[in-house]
Amino acid sequence: MSANSASTTEAAEPKSSGFRIPKVPFWAQIVAGLVLGVVLGWITRSYDVAWLYTTLDKVGHIFVQLLKLAVAPLVFFAILVSITNLRKVNNAARLATRTLLWFMITSLIAVAIGLAIGLITNPGSGTGLTPKDGLKPEHAGSWLDFLTGIVPTDVITPFTELNVLQIVFMAAVAGIAALKLGEKAQPILTLSESILELLQKALWWVIRLAPLGTVGLIGYAIADYGWDLIGKYATFTADVYVGCALVLFGVYPLLLATVAKVSPIQFFKGAWPAIQLAFVSRSSVGTMPVTQKVTERLGVPKEYASFAVPFGATTKMDGCAAIYPSLAAIFIAQIFDVQLGVGDYVLIAFVSVIGSAATAGLTGATVMLTLTLSTLGLPLEGVGLLMAIDPILDMMRTATNVAGQALVPVIVSAREKILDLGKYNTASASPVDEIEVVEEEPVRVPVAA
C-alpha cells in the first residue's frame, strides 16, 4: 500500500472522541424495567399518585396493544408459510406427527405436576374467599363452542375479533391448498413470505420497547392489586410459580438430557431471550419471532422451525393450558366446596391435552379455564375469583409456554438426527437485538435414519 492510500484511509476513518456510551444488554434493560416498575408501582399505591397510576396503565396497555395489533396477520401468514415450507422438508409428515406427539406428552407431564401440587397444598383453603366473591365471565368456553368455533362464518370477523383459532384454521386451509396447487400458487407464497418478513420486522420494533412495557405492566399490577390482594392468593400464586418452575427447570432439562441427549444449560442460554420476553409480554404469539430465531440458533433446521414454532405458539401451552387450569380447578372446587374425584382429575388432564388450542397464544387463559370448569361442572363464577391475580400468574405461565415451544423442536430434531449440534453447543444468551441476522440460504433437511 502506498503512503498516499494509507493517508487517505486514515483520513476516511473518524477519530474516536474517547467517550462512548456503553450498550446495555437487552436482558439488563428488562431487569431494570422490572425493578423500576415495582418501585413506581409501590410509590403509586403508597402515596396515591393518580397521574403516575394512569401513566403506568397507559404505557403497559399501549405495549400490549402494539403486540396484539400484529397478532392476527402474523398468525395467518406464519401458519400459511410454515405449512408450505414443509414441502422443502423430507419426511415432513413424520416430523409433524412427532411434534404433535411431544406437545401432548409434555402437556400430560405438566398437568400431572399441577394436579399433584394442588392436592398437596390445598390452595383454596384458608383464603377467606367465598363463592360470593366470584363473578361469572361474559364469555365462557365449552366443547361445543370450541368445536363449532373453529370454522369462521366469514373471513373478516376472525381478524377483527382476534379469534386466533379461526385464523389458524383459515391459514391451514390456505397453506394446504397452496401445496396442492404447486407452482401456480408460487406468486401468492412469495407475497406471503414478504408480508411475514414485514410483520416480523415491525414486531421487532415493538419488542425493542419491551423494557418500557415492563415498567408499565409491572408498575400497574403492583399499584392496582397491591400486596394485600396477592396475600389472599399466596398459596395459589406460589403453586403456579412452583409448578411452572418444576416444568421449566426440572422436566425440560431432564427431557433434553435423556431424550435429546444435549446440554440443558446450552438450551437455556440460547432460548433465554425468548423466555424473558414472554415473561414480560405475556403473549406467546407476540414472542413468536424471537422464539423462532432462538430455535434456529439452537440448531433446529429453519424449514422445520418455521413450522413447529408457529404451530406451538397457538397450541403448545404447558403453563396456561396444563398447570394453571389444573390448579385453578382444585382452587375453585375448594372455594365452592365441591369434591373432585379421580374421574374429574382424568377429565382435567384430557381437557389440558386436547383443548390447549383454545388459549390461542394470547395474554390470559380465561377461555381454557372456563372450558375446564364447564367440563367438570364447576361454577363458572369461580373464574372471577382469579381475574384480579391473573396478570401476575400469566407472566410465569407464558414463559413456561414459550420455553416448551422451543423445547419440542429441539427434541424432535435431535431424535431425527437433523439437529445441528455445532450450532446448539455454541448458542449463547446474546441480547434479542443481536438475534436478528441475515437469513441463510435454505438448506434441505436430510431424511431421518
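Where is Asp48 found? In this predicted model, Asp48 lies in the loop between helix H2 (26-47) and H3. Its phi is positive, near 50°, although Asp48 is a residue other than glycine. Most residues other than glycine have a negative phi. Asp48 has a relative accessible area of 67%. The cut-off for exposure is over 50%, so Asp48 is classed as exposed.

Lys261 also has a positive phi, near 55°, and is likewise a residue other than glycine. The loop that holds Lys261 joins helix H10 (234-260) and helix H11 (264-281). Relative accessibility is 65% at Lys261, and the residue therefore counts as exposed. A further positive phi, near 55°, occurs at Asp337, which follows H14.

Helix H14 itself spans residues 319-335. H14 contains 17 residues. The distance from its first C-alpha to its last is 22 Å. That is close to the 24 Å expected at 1.5 Å a residue. H14 is nevertheless kinked, by about 35°. The kink is centred on Pro325. Of the 17 residues of H14, 16 are buried, so the rest of the structure largely encloses this helix.

The packing of H3 and H12 was examined next. Helix H3 covers residues 50-85, and helix H12 covers residues 284-297. The two helices pack at an angle of about 60°. Their axes lie 8 Å apart. At this angle H3 is oblique to H12, because the value falls neither under 35 degrees, nor over 145, nor within 65 to 115. The crossing of H3 past H12 is left-handed. On the H3 side, the contact is made by Leu67, Val71, Leu74, Val75 and Ala78. On the H12 side, Val285, Gly286, Met288 and Pro289 take part.

Thr287 also belongs to helix H12. Its relative accessibility is 0%. Buried residues are those under 20%, so Thr287 counts as buried. Which residues does Thr287 touch, not counting residues up to four places away in sequence? They are Ala274, Leu277, Ala278, Ser281 and Val402.

Conventions. Residues are numbered from 1 along each chain as its sequence is written. This is a predicted model: local features need pLDDT of at least 70, side-chain atom pairs count only at pLDDT 80 or more; totals for chains, interfaces and linings use all residues. Side-chain values use heavy atoms; hydrogens and water are left out. Helices (H or I, at least four residues) and strands (E, at least two) are DSSP runs, numbered from the N terminus. Buried means under 20% relative accessible area, exposed over 50%, partly exposed in between (1.4 Å probe, protein chains only). Contact means heavy atoms within 4.5 Å. The expected span of a helix is 1.5 Å times one less than its number of residues. The bend at a residue is the angle between axes fitted to the seven residues ending there and the seven starting there. Axes are lines fitted to C-alpha atoms, for helices over the stretch in contact, and angles run from 0 to 180 degrees between N-to-C directions. A crossing is left-handed if the near helix is turned anticlockwise from the far one by less than a right angle, and right-handed if clockwise.
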